Amino acid sequence: MVARGHFVRKADWARFLETGLVPGDLDPDLAASWLRSRDCGVLPDRISAPQVANEILSRTRKETAELRRLARTALLRARAMLKDTGVMMILASPDCVITETEGDRGVIDTGRENRLQIGGDWQETSIGTNAIGTAAASGRPALVHGIQHFCEEIQRWSCAAVPILDPVDGTVRGIVDISGQTDMFQPQSMALAMAVGDEISQALARLIGEEREALYQQFMDRRARWQNTHMILIDRRGAVLHDTRAVWSHQAIRGGAFGARGEEDWAGEMSDRFSGMDSEVLRRDGLPIGMVLTAYRGHRRPVETPSGDPFDAFLGTDPAILKLLEHARCVTASNVPVLISGETGTGKELLARAIHDASSRRHGHYVPVNCGALRADSAAGVLMARAMNLVSRSKINPLIGSAGVSAVPMAARVSQIEGQRADPGNYLLMHAMGPNVAGVIGTAVVAGYFIAQYAG
């Protein structure tokens, strides 16, 4: 943190401008800021910061709307708390454009003389060393007092600024600043700025957590319907929260944040980025919070991996896995049918999809079919359920009858998935578990009978 305690005289500042010699008592962060200001060509006799154009300010306020909303409580509290104290509270964007001011009205009016006001651009490259710009440049709290400012006219101010860091990726989301004229500045201002910055950071962390919880809930609802489908869950900041193939999980998509774009533009861009997967914007309280990408309908282009190799979805390094992938790569050059066998959950469909995406047919449709659902006894169960509906007062969904086999819990899950494909309001899993368990019991009884009759 840049400290106020390092004493700098006016002569030290003048000597730096003339010779480039940094005062030995100057804090290292401030010394680095002075050098950056000089190297950027900032004129030390600048009277005020530049004012951004109205369209830039409008865009900046739109981009920081979430941060300003989270900071609103603290700003309203500052309006009353800082009245007649000789200081004001400032909220600035990550690029140091002031978006909100509250506090002592007289100080706010005085600040306009140096454009310490909404729309003022307080980057170091614009107005030299100052608490807002230095905090943004260093990513750390900054206290800049009087002569420590680079521009002479700004040296009548003392400012304490704290960057608000994103709790997920640590990037600067905004700046909280407490400013006042040098003769009225309070030493507790840095503590106040840090307290307000921490309050906003915690509110931001809670918001992100609530949004992600809502995203996962909505994702799991869709996953229950399309269990064997490649799906990717993305939050509105462009972070991949879940990838059913574990290829993109926990990666940030460059340029993938929702930002100020329209929903259709964002959805279209993400769909193109992930090779034509179907995109659906997910909402919370009517506002977009993320997106789920789904390949369940088949698509024109193969889903890409970060390296472009579909077989990168396999993470194993065992020699048997490597040999399997080598054989799989060989068959992608031909159009012969391929039989993949193995236990449930060993990745048969993942391998089939990789072979498809690496073959000459990769631009065609890929349609997974759950062969477990194509059974004569499942069909008989559906017909029996329909027959029961003819004579029963209480109707049941015929799909429940398809679960009357010994495959637990797959048969019940098939009923649930197929039922929700037809009607998203169908919730058949718990009902289907009844005939599913009955199928197991029936199979055990029949097996016991045959063992008793023919085992000896």
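How many aromatic pairs does the structure hold? The structure holds three, and I should say at once that we are looking at a predicted model, so please take the distances and angles that follow as computed from it.

Let me begin with Phe 16 and Phe 150, whose rings sit edge-to-face, with 6.5 Å from centre to centre and 80° between the planes. Phe 16 belongs to helix H1, residues 10-19, while Phe 150 is in the loop between strand S3 (142-145) and strand S4 (157-165), and the pair therefore ties together parts that are 134 residues apart in sequence. Both Phe 16 and Phe 150 are buried, and together with Trp 34 they make up one aromatic cluster.

A second pair is formed by Tyr 449 and Phe 450, which counts as edge-to-face because the ring centres are 5.7 Å apart and the planes stand at 80°. Here the setting is partly exposed, with a relative accessibility of 48% for Tyr 449 and 43% for Phe 450. These two residues join Val 446 and Tyr 454 in a nonpolar patch on the surface, which has about 470 Å² of accessible area in total. Val 446, for its part, lies in helix H14, residues 429-454, and is partly exposed at 43% relative accessibility.

Before leaving the rings, I would point you to Trp 13, where Lys 10 lies over the face of the ring, 5.0 Å from its centre.

Turning to charges, the structure holds 23 salt bridges, and I will pick out a few. Glu 102 meets Arg 72 at 3.7 Å, N to O, and since Glu 102 is in strand S2 (residues 98-103) and Arg 72 in helix H4 (residues 65-81), this contact ties together parts that are 30 residues apart in sequence. Is Glu 102 buried or exposed? At 5% relative accessibility, Glu 102 counts as buried, whereas Arg 72 is partly exposed at 29%.

Glu 102 also forms a salt bridge with Arg 79, at 2.8 Å from N to O, again linking strand S2 with helix H4, in this case across 23 residues of sequence. Arg 79 is partly exposed, at 41%. Through shared partners, Arg 61, Arg 68, Arg 72, Arg 79, Glu 100 and Glu 102 are joined into one network.

Finally, Arg 77 pairs with Glu 199, their closest N and O atoms being 2.5 Å apart, and because Arg 77 lies in helix H4 and Glu 199 in helix H8 (residues 189-225), the bridge ties together parts that are 122 residues apart in sequence. Both partners are partly exposed, Arg 77 at 37% and Glu 199 at 29%.

Notes. Residues numbered from 1 in each chain as written. Predicted model: local features only at pLDDT ≥ 70, side-chain atom pairs only at ≥ 80, totals over all residues. Heavy atoms only, no water. Phe/Tyr/Trp six-rings, centres within 6.5 Å; stacked < 30°, edge-to-face > 60°. Helix = DSSP H or I, 4+ residues; strand = E, 2+ residues; numbered from the N terminus. Buried < 20%, exposed > 50% of the residue type's maximum accessible area, 1.4 Å probe, protein only. Lys NZ or Arg CZ within 6 Å of the ring centre and 35° of its normal. Patch = residues over 30% accessible without salt bridge, like charges linked within 9 Å, V, L, I, M, F, W, Y side chains within 5 Å. Areas by Shrake-Rupley, 256 points an atom, 1.4 Å probe, with all protein chains shown as cover. Salt bridge = Lys/Arg side-chain N within 4 Å of Asp/Glu carboxyl O.
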